[in-house]
4 protein chains.
Amino acid sequence: MTDPIPLGMVGGGEGAFIGALHRIAARMDGHFLLTAGALSSDAARAEASARALGLDRSYADFREMAQAESARPDGIKAVSIVTPNHVHAAAAVAFLGAGIHVICDKPLAASAHQAQQIADAARRNTARFFLTHNYCANPLVREARALVAEGALGEIRLVQAEYLQGWLSDPVQSKQADWRTDPAQAGAGALGDIGTHAWQLAQFVTGMTPDSLSAEVSRMVPGRMIDDDARVALRYGNGARGGIWVSQVAVGQENGLSLRVFGTKGALDWRQEQSERMIFTPKDQPPRILTRAQDRSGSFRTPPGHPEGYLEAFANLYSDIAAVIRGDMTHADRIPGLQDGLSGMGFIAAALRSSDEDGAWVTL
Amino acid sequence: MTDPIPLGMVGGGEGAFIGALHRIAARMDGHFLLTAGALSSDAARAEASARALGLDRSYADFREMAQAESARPDGIKAVSIVTPNHVHAAAAVAFLGAGIHVICDKPLAASAHQAQQIADAARRNTARFFLTHNYCANPLVREARALVAEGALGEIRLVQAEYLQGWLSDPVQSKQADWRTDPAQAGAGALGDIGTHAWQLAQFVTGMTPDSLSAEVSRMVPGRMIDDDARVALRYGNGARGGIWVSQVAVGQENGLSLRVFGTKGALDWRQEQSERMIFTPKDQPPRILTRAQDRSGSFRTPPGHPEGYLEAFANLYSDIAAVIRGDMTHADRIPGLQDGLSGMGFIAAALRSSDEDGAWVTL
Amino acid sequence: MTDPIPLGMVGGGEGAFIGALHRIAARMDGHFLLTAGALSSDAARAEASARALGLDRSYADFREMAQAESARPDGIKAVSIVTPNHVHAAAAVAFLGAGIHVICDKPLAASAHQAQQIADAARRNTARFFLTHNYCANPLVREARALVAEGALGEIRLVQAEYLQGWLSDPVQSKQADWRTDPAQAGAGALGDIGTHAWQLAQFVTGMTPDSLSAEVSRMVPGRMIDDDARVALRYGNGARGGIWVSQVAVGQENGLSLRVFGTKGALDWRQEQSERMIFTPKDQPPRILTRAQDRSGSFRTPPGHPEGYLEAFANLYSDIAAVIRGDMTHADRIPGLQDGLSGMGFIAAALRSSDEDGAWVTL
Amino acid sequence: MTDPIPLGMVGGGEGAFIGALHRIAARMDGHFLLTAGALSSDAARAEASARALGLDRSYADFREMAQAESARPDGIKAVSIVTPNHVHAAAAVAFLGAGIHVICDKPLAASAHQAQQIADAARRNTARFFLTHNYCANPLVREARALVAEGALGEIRLVQAEYLQGWLSDPVQSKQADWRTDPAQAGAGALGDIGTHAWQLAQFVTGMTPDSLSAEVSRMVPGRMIDDDARVALRYGNGARGGIWVSQVAVGQENGLSLRVFGTKGALDWRQEQSERMIFTPKDQPPRILTRAQDRSGSFRTPPGHPEGYLEAFANLYSDIAAVIRGDMTHADRIPGLQDGLSGMGFIAAALRSSDEDGAWVTL
């Protein structure tokens with residue numbers, strides 16, 4: 001394995017949500033090593049967060065970080081920007097200008113003007129710009145795209161994407177909710193936060209972009225300054241029709257992202273909350289339940305039937321074990337150990353003996 | 001964050017299955033750093049595997065590794081044993097004896113004699129022994145255990161655990177199949193490989209161990225030397241009855257591990273392949289679909305509704321990005337980037353404009 | 001039980017679809033007895049169909065039937081109109097005018113003019129007019145309506161109804177398809193055939209009618225003269241937003257009627273193809289799986305957990321038995337009989353004996 | 001249609017469960033007409049029940065009924081026996097002896113002696129004996145049997161049938177529970193009431209009968225005199241292994257009958273509570289969701305995607321309509337009528353107009 005790529009992070013300090021997930025994702029396959037950060041616009045929090053993460057270098061300001069890192073021979077080669085939307089542009093411009101690749105959370109920016117700044121910086125520089133629309137990297141989404149591309153659905157006629165959440169059905173106040181419902185920081189509400197995911201997913205899988213749209217965008221919660229529900233009708237150039245429905249006031253919904261595509265020869269149905277399977281229905285045939293056994297992109301780490309959370313449960317064990325090794329016994333009782341192993345051996349022996357004795361009851 | 005714990009690995013060289021998963025799990029939360037290994041009993045393969053993983057220190061023999069590491073001030077503090085079952089005991093004895101904590105894959109050993117060796121070594125030494133029954137670390141399994149413990153099911157009456165696979169329904173030949181169907185290396189077949197998981201899971205959740213069992217163990221595939229299907233009836237001391245059914249010849253099943261528990265006041269149903277949810281039915285009430293929103297153990301990294309594979313899809317993006325940064329453009333076209341970002345911004349703007357104009361169709 | 005109500009039928013002759021279902025529905029609870037019919041506009045077919053059904057009285061013309069039956073002391077008291085849409089009005093006017101209650105299939109008519117004729121006739125006469133939007137009579141739909149009415153969902157914010165079929169994704173030619181895709185006979189396509197069901201279902205459950213709508217109606221299949229896909233956005237007076245999506249070109253879909261309602265306090269999700277259950281999610285609580293055990297309308301015949309098809313399977317047996325009694329042995333081998341009974345008794349005895357002997361294997 | 005077959009009934013008086021279902025099943029396709037009954041062993045209740053059902057002829061005693069009916073030229077040709085189990089034999093013997101076909105509910109009898117009496121009577125007489133194991137008449141169960149018979153599963157290796165209920169998890173007292181938990185009337189408990197269903201279903205689909213079994217039969221509820229939980233292991237002559245698990249103390253389960261069959265070439269999974277679909281997994285291919293669209297037995301009345309309860313909801317409407325026609329307006333408000341029809345027409349017109357005007361919002 002080549003050495004990990006030194007990675008920086010802007011945003012993602014204490015209390016942040018998406019930054020922590022970026023860090024795990026960056027760590028999972030060992031390709032990156034987080035070494036520097038400007039983790040908060042608050043200098044003290046930035047420093048404390050960096051210390052908590054064991055970062056080599058902490059900066060109070062991302063522009064300073066871009067300059068300093070690009071000057072070091074061992075400086076970061078890429079940076080993850082995981083701030084609220086309105087900071088994306090300034091940070092991206094700074095790092096692209098310093099020759100550092102940018103991995104930016106979505107949506108691109110909080111305004112068209114900011115988006116244009118990023119586009120300009122990307123055009124002027126050779127460093128690359130990546131946008132983490134993470135859902136399109138799901139194994140079965142990649143398989144969906146392959147099925148459409150190879151014509152398994154025929155000509156696409158109908159596209160329907162939904163992303164339904166319920167967490168903003170009241171006037172919530174929290175770190176996550178506050179900036180997401182502030183037009184200055186977020187730009188758009190449901191449209192930006194989850195609508196762009198639905199939009200990108202539909203585009204990624206079908207390979208088609210609509211020509212025009214008609215929308216009904218709402219603010220459902222009294223006093224809210226930003227959209228929290230949107231229904232969009234889509235017209236595609238080939239005559240196909242589509243729809244996007246996103247909501248953050250759909251009570252009881254967690255992350256109900258789904259995509260349905262119907263063509264002249266077949267149909268696909270993928271639901272993010274059951275991302276381990278996808279229904280593919282060839283015309284006039286029974287629906288087929290595709291799992292990662294059918295995925296051809298190789299984009300997974302565990303065998304089919306091991307939901308991807310298999311790895312996280314495994315990591316839970318390792319983390320509990322680390323705690324015990326470090327002397328924290330809080331969760332020692334939920335870690336399997338020798339007694340479990342001996343018990344399992346007893347089970348095997350008893351089962352074999354009982355079976356040998358024609359099913360006689362064997363005391364354990 | 002305190003410094004990561006230096007970790008070693010025995011087994012898990014090129015072509016291995018569970019070793020790679022242990023490495024990801026150990027890396028996910030950053031608590032361990034893999035630094036040494038005896039990755040194969042074949043010296044050349046051990047060395048090549050260690051190089052591929054960028055390990056600091058590679059050993060041809062695990063006994064040598066135990067000695068050398070325990071002698072170093074910066075030596076490993078824990079070791080993952082991910083070999084075929086018949087090697088567990090010798091390796092565990094070596095590392096426990098050297099004062100190094102052992103994280104061992106299941107089942108404990110390939111024979112009762114080997115199991116006893118581990119038990120003896122654990123008793124004589126202060127280093128700890130952990131067994132990776134990973135399923136019990138699933139958030140909802142932990143919640144299941146909590147529900148039983150607090151009496152939400154009343155007195156337990158019925159327990160049913162299944163683990164059904166189909167991958168050995170033919171006389172398969174592969175690295176994974178070969179040792180698992182060899183009595184000398186595996187000890188037991190389905191009973192050991194998946195039966196101990198079902199057994200431990202039932203025990204972990206119910207907190208109860210059966211008094212006695214009656215079993216029917218079979219070799220279904222002609223020529224197979226080891227069990228590939230087992231049905232076990234269980235009697236518990238409190239009068240409860242249970243069953244375990246494991247099979248590796250259940251055609252079409254991937255990793256169909258499930259647990260159902262019925263008590264006098266309620267029932268639980270958890271299926272590993274849909275591990276994001278668990279059905280809890282209080283007596284005379286509608287079944288409730290529990291998600292991680294109801295988990296009280298805090299054993300997860302993503303919000304409810306983001307299946308745990310969310311993180312893996314995210315990591316897929318990071319890995320593709322790393323490849324591009326290193327110059328490999330093979331999958332560059334499936335990474336979202338600036339165009340996706342601009343497209344998303346265009347979508348937001350058009351949707352807002354259409355809605356402002358009472359749903360007028362807006363060209364993109 | 002009071003005597004069954006004499007019932008007539010207009011349409012529903014040989015090869016018809018919905019007429020046969022009306023007959024079974026009318027027969028199921030024994031409240032009606034089909035005694036007269038004008039089963040086809042083709043006189044010979046009408047006569048042959050009536051003979052096949054064993055009807056007492058057959059008419060070549062429904063107007064003649066209305067006159068004759070109203071003149072008889074034992075004449076029909078109600079009539080089922082199960083013709084293509086464009087005949088509904090003329091038939092309804094004739095029977096209402098003759099004092100005979102009308103049970104009419106949906107949609108009401110093929111044109112606004114025809115609809116008005118029915119409305120006028122209903123106003124001038126005392127006979128009643130019923131419209132068979134059958135889905136709203138489903139036990140859990142009735143329960144859904146009750147939940148909304150009692151405020152379990154709070155103020156309604158979002159309503160989404162879909163009805164997706166795939167059977168017209170090609171230029172189909174069949175008795176059913178022909179008139180449904182002929183504007184003169186059907187009036188509307190997907191909008192009339194399934195759109196009115198979705199519309200009525202949403203209205204029935206929520207008790208709310210939208211103030212205004214915005215629609216995108218399409219003809220997807222080349223050469224089709226009538227709509228086969230429609231997306232409709234809805235605005236309700238209380239600020240709620242809704243959507244209806246109906247399609248007959250959604251490949252692979254059978255009768256994908258669904259209704260989702262989100263309010264400030266809870267949400268409902270009902271899917272016709274799994275009509276035995278409904279998901280009710282109170283805000284901030286786990287989703288609950290309601291079954292007929294929770295239905296309070298008493299609108300069912302079998303216990304919860306016996307899908308309503310239970311009765312149809314039971315009827316399958318009775319029909320097979322009738323055939324055998326009449327001498328037709330075609331399906332005799334699939335009717336359980338004495339051997340099954342003796343086998344079952346043997347099973348019981350062997351199970352009890354084995355259990356008494358501590359699980360000894362007992363030969364059957 | 002030939003004239004309906006005159007049918008009698010023994011048992012099924014007021015408060016009975018299965019008798020009412022037999023009557024609906026017999027009526028559904030119009031092949032039988034219920035004309036005579038000995039509906040209760042209590043003469044007054046028998047008479048009252050017969051009057052309530054509008055039966056032509058009521059008898060206080062089934063033996064008298066058998067004699068009298070066989071003597072009439074228009075007497076019943078078949079009789080449904082829907083009494084508690086211990087009456088089956090005496091009734092069956094009486095009717096078979098009188099030349100009247102018997103349609104008997106399961107299990108066959110309450111004792112081996114009674115079963116033998118039926119077998120003897122069946123051998124001595126030409127009248128036929130049918131046993132209503134209704135589940136095997138389900139369309140997809142018939143398709144399952146066809147798939148096995150044509151070799152789609154290869155050689156059968158594993159068979160697992162379950163029937164789980166929770167309604168007897170307490171010491172229930174009710175008309176249904178009382179005789180079912182009385183050894184004298186029922187013979188066996190869970191084994192007889194639901195175990196014989198699971199047994200017959202497995203046999204019907206696989207065409208195989210086990211050679212021997214090993215059982216663990218339990219009485220879980222304190223004070224219960226009869227089995228309420230049973231686990232049975234099965235050995236088949238071809239080396240296949242199987243299991244049957246039935247329980248009436250599985251809290252929260254309604255009628256959880258399921259059958260799983262695994263062969264060398266494929267697998268089937270059918271669940272009664274979702275009887276509209278069956279999963280068929282050919283070896284090394286994705287699971288396929290079979291619906292009635294794949295059924296080849298023609299054993300259904302509604303198109304695929306209309307769950308069989310479609311007919312019952314339809315019948316609910318007819319019954320509500322009958323009530324209104326007879327002057328009972330209790331449920332008049334839940335019957336769709338003219339206003340629904342006009343509303344639907346308004347919806348169609350508005351949708352078409354909006355679409356013609358490029359999605360303009362149209363007031364309804």
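# Notebook: contacts, sheets and odd peptides

**Entry 1: a strand pair across chains.** I began where chain A meets chain B, and found that A:L213 has B:V362 as its bridge partner in β15(B). I then looked up the strands around that bridge: β8 (residues 212-218) of chain A and β15 (residues 362-363) of chain B run antiparallel and pair over 2 bridges. A reminder to myself before going on: this is a predicted model.

**Entry 2: the A/B interface.** How many residues does each chain bring to the contact between A and B? I read 135 residues from chain A and 135 residues from chain B. For the area, I noted about 11700 Å² buried between chain A and chain B, with carbon and sulfur atoms giving 64% of it. Next I asked which element of chain A gives the most to the side that touches chain B. Helix α10 (residues 309-325) of chain A does, with 16 residues. Sorted by class, that side of chain A holds 74 nonpolar, 40 polar and 21 charged residues.

I also checked the polar side of things. The salt-bridge rule finds 0 between chain A and chain B. Polar contacts are there, though: I have 15 residue pairs between these two chains, both residues at pLDDT 80 or more.

**Entry 3: the A/C interface.** I turned to chain C with the same list of things to look up. Here the contact takes 41 residues from chain A and 41 residues from chain C. The two chains bury about 3100 Å² between them, and 53% of that is on carbon and sulfur atoms. Which three residues supply more of chain A's buried area than any other three? They are A:R157, A:R231 and A:V251, which supply 21% of the area that chain A buries against chain C.

Salt bridges were next, and the rule finds 8 across the interface of chain A and chain C. I picked out one between C:R260 and A:E162, where the closest N and O atoms are 2.7 Å apart. For polar contacts between chain A and chain C I wrote down 14 residue pairs, again both at pLDDT 80 or more.

I then asked which elements give two or more residues to the side of chain A that touches chain C. My list reads β7 (156-164), β8, β9 (229-235), β10 (241-247), β11 (256-263) and β12 (266-271) of chain A. The largest share of that side, 6 residues, comes from β7(A). By class, the residues there divide into 14 nonpolar, 14 polar and 13 charged.

**Entry 4: salt bridges over the whole structure.** I widened the search to all chains and got 68 salt bridges. I looked at the one in which the side chains of A:E216 and C:R235 meet, at 2.7 Å from N to O. A:E216 sits in strand β8 of chain A and C:R235 in strand β9 (residues 229-235) of chain C, so this pair joins two chains.

**Entry 5: domains of chain A.** I noted how chain A is divided: domain 1 covers 5-132, domain 2 covers 135-294 and domain 3 covers 309-356. I also looked up how far apart domain 1 and domain 3 of chain A lie, and their C-alpha centres are 39 Å apart.

**Entry 6: the parallel sheets in chains B and D.** In chain B, 6 strands make an open sheet in the order β3-β2-β1-β4-β5-β6, with parallel pairing. Why does one side of β3 (57-58) and of β6 (129-131) of chain B lack a neighbour in the sheet? These strands stand at the edges with a single partner strand each, so one side is left without a neighbour. I followed the β3 edge inward: strand β2 (residues 32-38) of chain B pairs with β3(B) in the parallel sense over 2 bridges. B:G37 stands opposite B:S58 in β3(B).

Chain D has an open sheet of 6 strands in the order β3-β2-β1-β4-β5-β6, and the pairing is parallel. β3 (57-58) and β6 (129-131) are the edge strands of chain D, each pairing on one side only. I checked strand β1 (residues 5-10) of chain D against β4 (residues 78-81) of chain D, which pair in the parallel sense over 4 bridges. There, D:G8 faces D:V79 in β4(D).

**Entry 7: backbone oddities.** I found a cis peptide bond joining B:K106 and B:P107, with omega about -10°. B:P107 is in the loop between β5 (101-104) and α5 (112-124) of chain B. In chain D, the bond from D:K106 to D:P107 is cis with omega near -10°, and D:P107 lies in the loop between β5 (101-104) and α5 (112-124) of chain D.

My last look was at B:D358, which has a positive phi of about 60° although it is not a glycine. I placed B:D358 in the loop between α11 (338-356) and β15 of chain B.

Conventions:
Residues are numbered from 1 along each chain as its sequence is written. Chains are lettered from A and ligands numbered from 1 in the order in which they are written. This is a predicted model: local features need pLDDT of at least 70, side-chain atom pairs count only at pLDDT 80 or more; totals for chains, interfaces and linings use all residues. Side-chain values use heavy atoms; hydrogens and water are left out. Two strands pair if DSSP finds at least two bridges between them. Contact means heavy atoms within 4.5 Å. Buried area is the accessible area (1.4 Å probe) that two parts lose on being put together, summed over both. A salt bridge is a side-chain nitrogen of Lys or Arg within 4 Å of a carboxyl oxygen of Asp or Glu. A polar contact is a pair of N or O atoms within 3.5 Å; within protein, one must be able to donate a hydrogen and the other to accept it, and residues adjacent in sequence count only if both atoms are side-chain atoms. Ala, Val, Leu, Ile, Met, Phe, Trp, Tyr, Cys and Pro count as nonpolar, Asp, Glu, Lys and Arg as charged, and the others, Gly among them, as polar. Domain bounds come from an automatic or database domain assignment.
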